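I opened this entry to look up how two chains meet and how one helix is packed. My notes follow in the order in which I looked.

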Amino acid sequence: MVAFGVSAVAVSAVFALVTWSLASQYLLRQREQSTLIQATSNARVVDLAVSEKDPTLPQLLTGLVSTPDSAVFVRLGGGWLSSAHAVDRVEPVELPRGVLDAVHNGATARQRVTIDGAPVMVVGLPMRRVAGHYLQVFPLRELDRTYRFLSSTLLLGTVMTGLLGALVGRWVSSRALRPLTELNDAAARVAAGNLAVRLPIGDDPDLAPLARTFNGTTESLQRRVERDARFAGDVSHELRSPVTTMVNALSVLQARRAELPPTAQQAVDLLVTDLTRFRSTVDDLLEISTVDQGRSELHCERLDLVDLVEQSTRSVRGGLRVEHSGARPQVLADRRRLERVIVNLVDNAERHGGGLVRLAVSGGEGRARVEVDDAGPGVRAVDRERVFERFARGSAARRELDDAGSGLGLALAAQHVSLHGGELWVQDRPGGGARFVVQLAQAHAGQHVDAAEGSQ
Amino acid sequence: MAVRVLLVEDDPRIRRALGLAMLDANYEVLEAATGEQALDVADREVVDVVLLDLMLPGMDGFTVCRELRRRGDLPIIMVTARSASQDIVRGLEVGADDYVTKPLVASELSARITALLRRSRPASQQVPLVLGEVEVLPARGIATRRGDDLRLTRTELRLLAELVSAGGEVVTREQLLERVWGYDYFGDTRLLDVHVRRLRRKVEDDPSDPRLVLTVRGAGYRAGM
């Protein structure tokens, strides 16, 4: 766009300069010729009058002067005769020396000079019949005005062309770049995780192949991601049957633990621990892959967040006190998923955060928040995104703990919160430890999904 | 006498392991691998509760459930995938009393079965309860409208009795879940709402414009008396 404007200015400036020099030279030449012709014929008249001793010579001289700016001077012998107007305006001494000398030498001469601040053309020529010189001062004010008009018109034209050029450039470039802008937007959306983005193919022979390639790439990417998600889902689905068999068979052994010899008891304990963890991993994996495959639906209803948090934690140490400042924020949410979020966060605090120290619900400015504080060392700034990744702690670290959970708890919580259009993050708790914060939009007063109808 | 559970599950290994665990918890276990077998066993044997997997080859669980319900009010617990919300609602619509999500674990099942069977016993009130033309007769375990048996399931009957005995006061969802289903559901809305819908279909003249079982927005339900 800038380049367009600049080149438009450059081109029009060149044109303007050429026009200016040609036009000004032409005008000047015209003026010079006309003044010369006029002066020559005037000189002839004066020449005749002087030679015939015409008594009306002074009147004649004044009559030859057409405008107040101009003046006629006739040098006869040593003295000057001049037109009436010239007396108080121009003195003969002001006439340019060069012209006077040239005329003295018998030549015709002209020169542009400034007299009294006004541009004039002085033309001088020797008279033929009598010994004398004829000099006439022609005003160039008109020409000057023409010049000025011409130059300002050209300058204005140049500026206008520049602006127009910039506008046209902008229009053209935005038109020419629109497909690229669209491609850029689409690529950004793909990078943000929306693999369903496609570009319109259009009929531009240069751009259509690019759009086609882009669409092909995102399509195969989408297929691949879907295949991966389905694979994880299928794997966990397949694993669930044997897990069910094992859990139930093991529960028989566990119920009869006392009848077993000590080594068999230890073996059963090991099996129970790992099978419990395995079961929750398979469950979580199945749930997370359902969301990945876009097959999960939200069943939203209006919920009192304080109640929900209290209910969710009922199984933990016989229920926990939920801090709240009296306000009871309401949210529209899927109860099962939101409960799962709270349970997983509390679970995380208990397992990895040195124990839960505070649960708080607050609301305000259209948002509702749940804060889950733990007594652990906190989460380092560099790990604050990573903790929400799947199996973020690494399987080796998890296996050191007897009761390590599925490794998917925080990832699943983050996924559920984002399904609700909310946010989940971790920050430092004042006084040490980590604070996990769930932030959801608060339900408006009167906003209500009747669960009886809403679930259908 | 031991409770007789009909276990309908197509995976033989799960069936055996679960059967083993249930047996160990003093249940008597009858097994069926298909829907057809399940109906057959239910016809021939005395069954106290049916544990029904919805995903069955051949005749699916929904059909089996509808068929069992057509024959009587045998308590049915359906088994669904955890995230399959639509399946849960659909299963409850065709008559299941309760649901459990996979994977099935004997100890969890046991809690549900105990709660469900408690519902079959007569409610605390023995006096007939009246709601418009509907009469609840807890002693006989039925409800009638203009003298005709409404053929409510035990769960529906219990739900209606809870609402009517509150005398038109609001009963919250949590209270209903706890009193009818007997254990802590943490407010599972589907279970309650689908049952209310089922109940309305049976007791209301126009189920889309209920006059007897009323929704109180954001709170719960009450009887329209």
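I began with a single pair in this predicted model: Glu174(B) forms a salt bridge with Arg335(A), and their closest N and O atoms lie 3.8 Å apart. I then asked how many salt bridges are counted between chain B and chain A, and the count is three. For polar contacts across the interface of chain B and chain A, I found four residue pairs, both residues at pLDDT 80 or more.

Next I looked up which elements of chain B give two or more residues to the side that touches chain A, and I noted α1 (12-24), α4 (85-93), α5 (106-120), α7 (173-181) and α8 (189-203). Of these, α1(B) gives the most, with seven residues. Sorted by class, that side of chain B has 13 nonpolar, seven polar and 15 charged residues.

For the extent of the interface, I recorded that 35 residues of chain B are in contact with 31 residues of chain A, and that the two chains bury about 3,000 Å² between them, 48% of it on carbon and sulfur atoms.

I turned last to helix α4 of chain A (residues 97-104), where the buried residues are Val99(A), Leu100(A) and Val103(A). Seen down the axis of α4(A), these buried residues fall within an arc of 100 degrees, so they line one face of the helix. On the other side of α4(A), I found Arg97(A) and His104(A) exposed. The cover over the buried residues of α4(A) includes β2 (79-82), β3 (109-115), β4 (118-126) and β5 (132-139) of chain A. Just after α4(A), I noted that Gly106(A) takes a positive phi of about 85 degrees.

Notes:
Residues numbered from 1 in each chain as written. Chains lettered and ligands numbered in written order. Predicted model: local features only at pLDDT ≥ 70, side-chain atom pairs only at ≥ 80, totals over all residues. Heavy atoms only, no water. Buried < 20%, exposed > 50% of the residue type's maximum accessible area, 1.4 Å probe, protein only. Helix = DSSP H or I, 4+ residues; strand = E, 2+ residues; numbered from the N terminus. Arc of directions from axis to C-beta. Contact = heavy atoms within 4.5 Å. Buried area = accessible area lost by both parts, 1.4 Å probe. Salt bridge = Lys/Arg side-chain N within 4 Å of Asp/Glu carboxyl O. Polar contact = N/O pair within 3.5 Å; in protein donor to acceptor, adjacent residues only side chain to side chain. Nonpolar A, V, L, I, M, F, W, Y, C, P; charged D, E, K, R; others polar.
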